[in-house]
Structures are given as C-alpha cells and as structure tokens.
Amino acid sequence: NICLLFLVPAICFSQKITFSDVLKENSREMDFEIIGKVSGNILVFKNVSSSYAVSIYKGDMDMKEKIELDFIPSKSFNVDFIVYPEFFFMIYQYQKKGIVYCMAAKLDGNVKKMGEPILLDTTHVGSFGDNKIYNVINSEDKQKIMVFKIQKKEDNYNFVTLLYDNQLNLIHKTRQSLDYNERKDMYSDFSLDNEGNFVFTKSIKSGSRDDIGTLDLITKATQQDTFSIKNLPLKKMYIDEMKIKIDNVNKRIILNSFYYNERRGNIAGIYASIWDVKGDSNYITTFTP
C-alpha cells in the first residue's frame, strides 16, 4: 500500500479565482447583472440610480472600459440579456405617458450598438396600471426568443406572445386568454423549447388554502393561435409547486414536484411526469416515496 503512494502524481490542479478591483461606484444601491463573455470580453451590466452602463473586463478581471448606455431612458426596468459568442441582445422596457414600450438593442463584445434599438411591442396601461408586464424567455439553443405579456382582466389572464428567431425577426404573434382564479390557480415558470413551443403548467388548488389537486399542461406550438390544455392525472394525490425541464434531445417535457397523500399532509415523495411532444401524450407518470 505504501508503494502505491509513490505512483500517485505529485502535481495537483486547483481552481484559480481572480477578483476585480473595488470601484467607488460599486455601492450597495447598485444593481448589477453578469451578462457573460462576448468576443473574449467579460461584460457586467450596472444600474446606479437609473444610470445604465456596461463594464468590460479582460480575462484577468482588469477593467478595460466602461460604456454608458445613454440610449436607455431613465427608469427603465426588466432588462434581459440573450448572449451569443459575438454579440448580445438587451431587451428592456420603459413607460412614457401611460404607455409601456418594449425595446431591443443588439450590441457587440465592445458594447457598441449594431444598429439602432428596435421597438418590439407597446401596451397602454394608464398612469397607475401595472407596467411590469413583459417577460423574455429563449430556447436552449438560443435560436428562438419569445417576448410575452400577461394582463389580468376580471377572471382572465390575457396573453400576447411574440416569437422571434435569433436575429429578432418576428415568426408568429398570438393573442389568447385563460381563465384565472387568483385564490386557487397557480402558474409555473414559462419555458420555450428549441422548436418554439411555449410550455407551462396551471395548478388548481382544491381550496384557497389546500394543496394542489388538479394539474394541466399548457402548450402553444410555433404557428398555433390557441393554447392546448392537457390534464395530467394525479391519482387522488396532492402536489406542491411544479417545476418544468425541457428535454430537447428526446422532445419531451419533464415535470417534477413533491407530492402528498392527503391535504395539508407531510411530503410523501416525488411526483414525476414526462410528456412526449411528438406523440402529444403522457409518456409516464410516477410517484416515488
């Protein structure tokens, strides 16, 4: 056994962590988001008192340059980034005189505009309406981008979906409504597969304070104008918050949650269901204690 020790390589490899310098502008009031690596540069978005900029760092985390984003109006919100090897999209929203504008800008690895920002959509919300209505998601391969908005009106959720390709060319736009009971209905996170299918779930509580007793899978195909709603059997079990994972290789949708044997009971195990997109059917459902 001792002889074996001499056969073990003497060289060990460990992870190297490099820190950037502390800047005076990096206060607690600053909001920031790491955009990622574009054309070899590490980009970090910063928002200080509604003043927007991107700091460009080299590989050793030395700051190369800071670019002010003076084309973004003050008090913009919901800034999202979709990053590619040589450029990135920045999708942002702002409100002016009761109208919410959803805009997109394309920038290179040096944070230079590749054309002027383009208008994706507008919504009239009035002076006191909820203005944070747009959401941005993308497929795993980033070849499809979706901007969608949800507005609640009485007992309905009104959806508008705008599906784009990887150059922000509009593929399809849809308007559709779903019933919504704010005391009982819960929606999962929203996902987009590589084909452009819009995917989410609607869970319905048995009562306003009970666990979930009904589960629907809701999808919208790329060129489809209406939602397809499929009920997934829970076999008299109750579930918790639903999580979705898209399996683009096998063209399936994986759903997971904790499950309970009775209302307000203890967690009994893990619920898993797989929906086959090609066959438009439930491939398998399991309850694992």
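In the predicted model described here, a salt bridge links Lys113 to Glu116, with the closest N and O atoms 3.4 Å apart; a salt bridge is taken as a side-chain nitrogen of Lys or Arg within 4 Å of a carboxyl oxygen of Asp or Glu. Lys113 counts as partly exposed at 37% relative accessibility, and Glu116 counts as exposed at 61%. These classes rest on relative accessible area, with buried meaning under 20%, exposed over 50% and partly exposed in between (1.4 Å probe, protein chains only).

Because the model is predicted, local features need pLDDT of at least 70 and side-chain atom pairs count only at pLDDT 80 or more, while totals for chains, interfaces and linings use all residues. Residues are numbered from 1 along each chain as its sequence is written, and side-chain values use heavy atoms, with hydrogens and water left out.

Over the whole structure, the search finds 9 salt bridges. Among them is the pair of Glu68 and Lys66, whose closest N and O atoms are 3.7 Å apart. Glu68 is partly exposed, with a relative accessible area of 42%, and Lys66 is likewise classed as partly exposed, at 33%. Another salt bridge joins the side chains of Glu241 and Lys243, at 3.3 Å from N to O. Glu241 has 46% relative accessibility and counts as partly exposed; for Lys243, also partly exposed, the value is 43%. In addition, Asp121, Lys149 and Lys173 are joined into one network by salt bridges that share partners.

The strands are considered next. Helices (H or I, at least four residues) and strands (E, at least two) are DSSP runs, numbered from the N terminus, and two strands pair if DSSP finds at least two bridges between them. Strands of a sheet pair through backbone hydrogen bonds, either parallel or antiparallel. One open sheet has 4 strands in the order β9-β10-β11-β12, with antiparallel pairing. Strands β9 (134–138) and β12 (170–179) stand at its edges with a single partner strand each, so one side of each has no neighbour in the sheet. On average, neighbouring strands of this sheet are turned by 20 degrees against each other, direction ignored; strand axes are lines fitted to C-alpha atoms. Within the sheet, β10 (residues 144–153) and β11 (residues 156–165) pair in the antiparallel sense over 10 bridges. Ile145 has Tyr164 in β11 as its bridge partner.

Strand β15 (residues 198–205) has 6 of its 8 residues buried, and is therefore largely enclosed by the rest of the structure. Its pairing with β13 (residues 185–187) is antiparallel and spans 3 bridges, and Met186 stands opposite Ser203 in β15. Strand β14 (residues 191–192) also pairs with β15 in the antiparallel sense, over 2 bridges; here Leu192 stands opposite Phe198. β14 and β15 form a hairpin with 5 residues between them, and Gly196 in the turn has a positive phi of about 95 degrees. A further 8 bridges join β15 to β16 (residues 212–220), the two running antiparallel. The bridge partner of Lys205 in β16 is Ile212.

Nonpolar cores were identified as sets of buried Ala, Val, Leu, Ile, Met, Phe, Trp, Tyr and Cys residues joined through side-chain atoms within 4.5 Å. In soluble globular proteins, nonpolar side chains tend to be buried together. The largest nonpolar core holds 22 residues, of which Phe45, Leu69, Phe88, Met90 and Tyr92 touch the most other members. At least two residues of this core come from each of β1 (31–38), β2 (41–48), β3 (51–57), β5 (77–83), β6 (87–96) and β7 (99–108). The largest share, 4 residues, is supplied by β6. Leaving aside residues up to four places away in sequence, Phe45 touches Asp31, Phe32, Glu33, Ile35, Tyr52, Ala53, Val54, Leu69, Val79, Phe81 and Met90, where contact means heavy atoms within 4.5 Å. Apart from the largest core lies another, of 20 residues, among them Phe87, Val100, Val136 and Leu168.

Positive phi values also occur at two lysines. Lys97, which is not a glycine, has a positive phi of about 55 degrees. Lys97 lies in the loop between β6 and β7 and counts as exposed, at 80% relative accessibility. For Lys251, phi is near 55 degrees, again a positive value in a residue other than glycine. Lys251 is placed in the loop between β19 (243–247) and β20 (252–260) and is partly exposed, with a relative accessible area of 30%.

Technical notes
Axes are lines fitted to C-alpha atoms, for helices over the stretch in contact, and angles run from 0 to 180 degrees between N-to-C directions.
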